[in-house]
Amino acid sequence: MPTDSPAVRFAALGLDHIHALGQVATLLGSGAEFAAWYGSGDDLSPIFEKSFPRARRADDPRAILEDPSIALVTCAAIPDRRAELATEAMRHGKDVLVDKPGAVTLEELEELRAVQRETGRIWTVFFSERLESRATVKAVELVRSGAIGRPLQTVGLGPHQLGLAPRPEWFW
């Protein structure tokens with residue numbers, strides 16, 4: 001769908017979980033422009049380098065946070081770092097799309113809510129099962145068109161298996 005408005009420029013911070021790739025792919029698929037990413041090197045940095053050669057690798061997260069052309073930051077950091085990165089990004093004028101869980105304590109959630117109110121920025125959790133599943137997208141389309149009726153309950157039973165690759169220590 002053509003538009004006269006420029007694409008939303010976004011960057012990725014915290015590349016610790018594989019959902020970072022899905023977040024970027026979903027944003028690219030919706031027409032956003034992937035401008036930059038920052039990774040520690042002990043994360044998905046090698047995959048990002050190969051997969052997204054047009055996006056620049058930032059040497060420091062501040063390069064992303066202080067870039068006024070970047071409107072949105074996506075984050076799949078280790079869960080206990082997500083809220084901190086999100087509040088920092090909102091305080092730098094960025095909207096935030098964070099992997100689940102977006103916060104791990106009630107205190108973090110309250111701080112996120114306070115910073116969101118203070119800054120007026122968007123903070124949202126990326127529910128991959130909702131946004132990346134073709135079946136779920138189709139179900140929402142059918143509900144909105146009236147073909148299904150009013151849902152009473154939904155249950156997400158994604159293919160969450162441990163797989164052959166071991167989970168990193170922070171996951172547990």
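**Exercise 1. Strands side by side**

Find how many bridges join β5 to β6 in this predicted model, and place the two strands in their sheet.

*Solution.* Start with the pair itself: β5 and β6 run parallel, and 4 bridges join them. For a detail to look up, take L97, which stands opposite T124 in β6. Next, step back to the whole sheet. It is open, has 6 strands with parallel pairing, and follows the order β3-β2-β1-β4-β5-β6. Finally, look at the two ends of that order: β3 and β6 (123–126) are the edge strands, each pairing on one side only. As a reminder, strands of a sheet pair through backbone hydrogen bonds, either parallel or antiparallel.

**Exercise 2. A charged-looking pair of letters: R82 and D99**

Decide whether R82 and D99 are buried or exposed, and work out what joins their side chains.

*Solution.* First, locate them: R82 is found in helix α4, while D99 belongs to strand β5. Second, apply the cut-off for "buried", which is under 20% relative accessible area. R82 has a relative accessibility of 1%, so it counts as buried. D99 has 0%, so it counts as buried too. Third, check the link: a polar contact of 3.5 Å joins the side chains of R82 and D99. Fourth, list the surroundings, leaving aside neighbours within four places in sequence. D99 is in contact with H17, H19, Q23, C75, A76, R82, V125 and F126. The contacts of R82 include H17, C75, A76 and D99. As an extra check on distance, D99 and L72 are 27 residues apart in sequence and 14 Å apart in space, C-alpha to C-alpha.

**Exercise 3. Rings around F34**

Classify the ring pairs that F34 makes with F48 and F52, and say which parts of the chain they tie together.

*Solution.* The structure holds 5 aromatic pairs. A pair of aromatic rings is described by the distance of the centres and the angle of the planes. Take F34 and F48 to begin with: their centres are 6.2 Å apart and their planes stand at 75 degrees, so the pair is edge-to-face. Since F34 lies in strand β2 (residues 33–38) and F48 in helix α2 (residues 45–51), the pair ties together parts that are 14 residues apart in sequence. Both F34 and F48 are buried.

Now turn to F34 and F52. Their centres are 5.2 Å apart and their planes are at 85 degrees, so this pair is also edge-to-face. F34 lies in strand β2 and F52 in the loop between α2 and β3, so the pair ties together parts that are 18 residues apart in sequence. F34 and F52 are both buried. To finish, put the rings together: ring pairs link F10, F34, W37, F48 and F52 into a cluster.

**Exercise 4. Inside the nonpolar cores**

Name the residues that touch the most other members of the largest nonpolar core, and find which element gives the most to this core.

*Solution.* The largest nonpolar core has 22 residues, and I64, I70, V96 and L112 touch the most other members. Elements giving two or more residues to this core include β1, β2, α3 and β4. With 5 residues, α4 gives the most. Look closely at V96: not counting residues up to four places away in sequence, V96 touches V73, A86, A89, M90, I122, W123 and T124. Apart from this core lies another, of 18 residues, among them L15, L21, F48 and A55.

**Exercise 5. How confident is the model?**

Find where confidence is lowest and where it is highest.

*Solution.* Begin with the average: the protein chain has a mean pLDDT of 88, and 90% of the residues score at least 70. Then compare elements: confidence is lowest in helix α6 (residues 128–131), at a mean of 70, and highest in helix α5 (residues 106–119), at 97.

Key:
Residues numbered from 1 in each chain as written. Predicted model: local features only at pLDDT ≥ 70, side-chain atom pairs only at ≥ 80, totals over all residues. Heavy atoms only, no water. pLDDT = per-residue confidence, 0-100. Phe/Tyr/Trp six-rings, centres within 6.5 Å; stacked < 30°, edge-to-face > 60°. Buried < 20%, exposed > 50% of the residue type's maximum accessible area, 1.4 Å probe, protein only. Core = buried A, V, L, I, M, F, W, Y, C linked by side-chain atoms within 4.5 Å. Contact = heavy atoms within 4.5 Å. Polar contact = N/O pair within 3.5 Å; in protein donor to acceptor, adjacent residues only side chain to side chain. Pairing = 2+ DSSP bridges.
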